Amino acid sequence: MASLSLTQIRGSNSVTEFTRLRLKTQRGRGKTGFLKVVGSQGQNQGEPDLSVTVNGLHMPNPFVIGSGPPGTNYTVMKRAFDEGWGAVIAKTVSLDAAKVINVTPRYARLRAGANGSAKGQIIGWENIELISDRPLETMLKEFKQLKEEYPDRILIASIMEEYNKAAWEELIDRVEQTGIDALEINFSCPHGMPERKMGAAVGQDCALLEEVCGWINAKATVPVWAKMTPNITDITQPARVSLKSGCEGVAAINTIMSVMGINLKTLRPEPCVEGFVLAEK
Ligand SMILES: Cc1cc2nc3c(=O)[nH]c(=O)nc-3n(C[C@H](O)[C@H](O)[C@H](O)COP(=O)(O)O)c2cc1C
């Protein structure tokens, strides 16, 4: 999984080596910064230099682990840094992990062959995994430890909260104290508790998005990327709203919703989590 950040570009008449953009990094919120859009000479002769600087975040390469299972805990994020990934976006956290009930099974398998034959090779997965169900304190301790051990690597916290300004402010404050480099805002999770106005419930509603982005950007002191849901007619609308409301970038995209299959015995969509088992088991 990789995450692509589309950076806000202002006042550039032509594609030039440097694009001016506003930064709000810890090193100087609200100052004008630069996005370097061409590669530079490698440090070791003969070796390509893939390093990039995005919103003031310097990465050894532009390959970024998207928020999800590879950002679940310290061990997997450390592994990603050790394997050379340019940046890691941790699994999304919220203030009260106890409200997050992840279910089993949370994956459906798509198999090659006619009518989803149980024998076909697995060619795809659909997931209904929610955000992190690990206690926030645990995740924060691990972010801090990672930043202490890998001060030169980019760690981005993904956050999601309810429609509550104070809750967003508290979460941003606590997460920033760990030393993370940037925030990705999860406005995109398709199964992310819409009844609590979380995830895609915000990302699909431009008025709500503008208000919540306003709260977030008034509080945050590190660059903010808004993660988009693709499950909307025109993704450019929430993207523009996010950028106009102070976000430095947008991350595209979260899960494309789908129906992976129907269990013809129970007529339930898969994966089914109400006590039924998958048909091929
Ligand atoms: C099991 C699983 C868990 C995920 N959890 C999160 C999450 O916590 N926060 C988030 O913003 N995106 C989450 N995602 C979405 C991914 O970051 C990514 O946006 C999505 O899978 C689309 O990219 P892909 O086509 O490369 O898989 C998750 C995806 C999967 C498959």
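**Overview**

I started with burial: 35% of the 281 residues in the protein chain count as buried. I kept in mind throughout that this is a predicted model. I then went through the secondary structure and found six helices and 15 strands in the protein chain. I also looked up how far apart in sequence the contacting residues lie. Taking contacts with a separation of 6 or more, I get 61% from residues 24 or more positions apart.

**Strand β12**

I picked β12, residues 224–227, and asked which of its residues are buried. V224 and A226 are buried on one side, and W225 and K227 are buried on the other, so I noted both faces as covered. The general pattern fits here: side chains in a regular strand alternate between the two faces of the sheet.

Next I checked which strands pair with β12. Strand β11, residues 182–186, pairs with β12 in the parallel sense, and I count four bridges there. Strand β13, residues 249–252, is also parallel to β12, over three bridges.

I used W225 as my landmark in β12. Opposite W225 stands E184, while in β13 its bridge partner is G249.

How do β12 and β13 connect, and with what handedness? I followed the chain from β12 through helix α6, residues 236–244, into β13, and logged a right-handed β-α-β unit.

**Helix α1**

I moved on to α1, residues 74–82, and asked which of its residues are buried. They are M77, A80 and F81. Looking down the axis of α1, I see these buried residues fall within an arc of 100°, so they line one face of the helix.

What do I find on the face turned away from the buried side of α1? That face carries T75, R79 and D82, which are exposed.

I then looked for what covers the buried residues of α1. The cover includes the strands β6 (64–65) and β7 (87–89), along with helix α2 (136–149).

Past the end of α1 I stopped at G84, which follows the helix and has a positive phi, near 100°.

**Ligand shell**

Last, I turned to the ligand and asked how many residues surround it. I get 17, and the closest are G66, S67, G68, T92 and N127. I sorted the shell by residue class and wrote down 10 polar, four nonpolar and three charged residues.

Definitions and conventions: Residues numbered from 1 in each chain as written. Predicted model: local features only at pLDDT ≥ 70, side-chain atom pairs only at ≥ 80, totals over all residues. Near = placed C-beta within 6 Å. Nonpolar A, V, L, I, M, F, W, Y, C, P; charged D, E, K, R; others polar. Buried ≥ 20, exposed ≤ 12 C-beta atoms within 10 Å, placed from the backbone. Helix = DSSP H or I, 4+ residues; strand = E, 2+ residues; numbered from the N terminus. Pairing = 2+ DSSP bridges. Right-handed = clockwise from strand over helix to strand, strands pointing away. Arc of directions from axis to C-beta. Contact = placed C-beta atoms within 7 Å.
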